[in-house]
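Let's take a quick tour of a protein model, from its inside to its ligand. Have the picture handy as you read.

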Amino acid sequence: MNADALPDPDIATRLARVLDAIATAAERHGRAPGEVGLVAVSKRHPASAIRAAHAAGQRRFGENYLQEALAKQDELADLDIEWHFIGAIQSNKTADIAQRFDWVHTVDREKVARRLNDQRPDDRPPLNVLVEVNISGEASKHGITPDQLPALIETIAGLPRLRLRGLMSLPAPVDDFAAQRRAFAALAKLAAAGPVPLDTLSMGTSDDFEAAIAEGATLVRIGTAVFGPRPD
Ligand SMILES: *Cc1c(COP(=O)(O)O)cnc(C)c1O
């Protein structure tokens, strides 16, 4: 059934469908449903949408645009939310990320890693960090190249205010399921290759999360399927 043809459901209904689809995909590909967590990507949606998803049980939210995210965090300060920064990082904007987020998915250079480490407040636990990898070559301008990855991993592993958890990727969109799987398999292989143990693979969006789960995703980042189309 085409979800777009249905009347616009509320966020709780969409969220329940997405969680069900994640569990179904996990089961189909031999994963335990509890191994795959949902980061609900709320960029461009108002704080009220996050509040609705939170009321329906969602706790992890992903934001891309720093100023927009900070305003929503202020508005939602009464809620227990795990905030994930998943947008491009400008190196002069790292302080707010270090202070206000629980996870960062998009570290792709040493300078940013060192600044986040230096700026993480001492009264907070180490910042959970994922390294963004470019597995699509020229089709993507974000992420470190696979050949430069081991050196960045070694650097981050030595920074005490960061906790290196794993890798993240946003591959160029493709329709074919087998091609989607190949890109995610490449990221999983890089994670397994070391040089340090990693427990998190952040991969898969509304359009390709089944392929990501098939290849070992532990966090999927889903926006549209949870909140509906983004207002421009
Ligand atoms: C927007 C975004 C997503 C979510 O994409 P949808 O297609 O809305 O599910 C996931 N990851 C990143 C990095 C994004 O910027």
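Which residues touch the most other members of the largest nonpolar core? They are I22, V107, I156, L167 and V220, in a core of 61 residues. Keep in mind that this is a predicted model, where local features need pLDDT of at least 70, side-chain atom pairs count only at pLDDT 80 or more, and totals for chains, interfaces and linings use all residues. Residues are numbered from 1 along each chain as its sequence is written, and side-chain values use heavy atoms, with hydrogens and water left out.

**The core**

- A nonpolar core here is a set of buried Ala, Val, Leu, Ile, Met, Phe, Trp, Tyr and Cys residues joined through side-chain atoms within 4.5 Å.
- "Buried" means under 20% relative accessible area, "exposed" means over 50%, and "partly exposed" is in between (1.4 Å probe, protein chains only).
- Helix α1 (residues 11–28) gives the largest share of the largest core, six residues. Helices (H or I, at least four residues) and strands (E, at least two) are DSSP runs, numbered from the N terminus.
- Apart from that core lies another one, of five residues, including V39, W103, L130 and M168.
- Back to L167: leaving out residues up to four places away in sequence, its contacts (heavy atoms within 4.5 Å) include L130, V131, L149, I153 and L187.

**Helix α5, a helix with two sides**

- In α5 (residues 110–119), the residues V112, A113, L116 and N117 are buried.
- These four sit on the same side of α5 because they cover an arc of only 135° around the axis. That arc is taken from the directions from the helix axis to the C-beta atoms.
- Here's the general idea: an α-helix has 3.6 residues a turn, so residues three or four places apart point the same way.
- On the other side of α5, you'll find K111 and D118 exposed.
- What do the buried residues of α5 pack against? Their partners are α4 (94–100), β4 (103–107), β5 (127–132), α6 (149–157) and β6 (162–168).

**Salt bridges**

- Side chains of opposite charge can pair when their charged atoms come close.
- The rule for a salt bridge is a side-chain nitrogen of Lys or Arg within 4 Å of a carboxyl oxygen of Asp or Glu, and by this rule the count is 15.
- E35 pairs with R31 in a salt bridge, with the closest N and O atoms 2.8 Å apart. E35 is partly exposed, at 38% relative accessible area, while R31 is buried, at 13%.
- Another salt bridge joins E82 and R60 (3.2 Å, N to O). This pair links distant parts of the chain, 22 residues apart: E82 is in strand β3 (residues 82–85) and R60 is in strand β2 (residues 60–63).
- E82 is partly exposed, with a relative accessible area of 28%, and R60 also counts as partly exposed, at 29%.
- E63 and K72 form a salt bridge too (2.9 Å, N to O). Are these two buried or exposed? E63 is buried at 0% relative accessible area, and K72 is buried at 5%.
- E63 and K72 also belong to a network of salt bridges that links them with R44 and E68.

**Around the ligand**

- The ligand is surrounded by 13 residues (each with a heavy atom within 4 Å of it), and the closest are K43, N64, S206, T224 and R230.
- Look for polar contacts here, meaning pairs of N or O atoms within 3.5 Å. One ligand oxygen atom is 2.6 Å from an N or O atom in the side chain of T224.
- In the side chain of R230, an N or O atom lies 2.8 Å from an oxygen atom of the ligand.
- G223 takes part through its backbone: a polar backbone atom there is 2.8 Å from an oxygen atom of the ligand.

Key
Polar contact = N/O pair within 3.5 Å; in protein donor to acceptor, adjacent residues only side chain to side chain.
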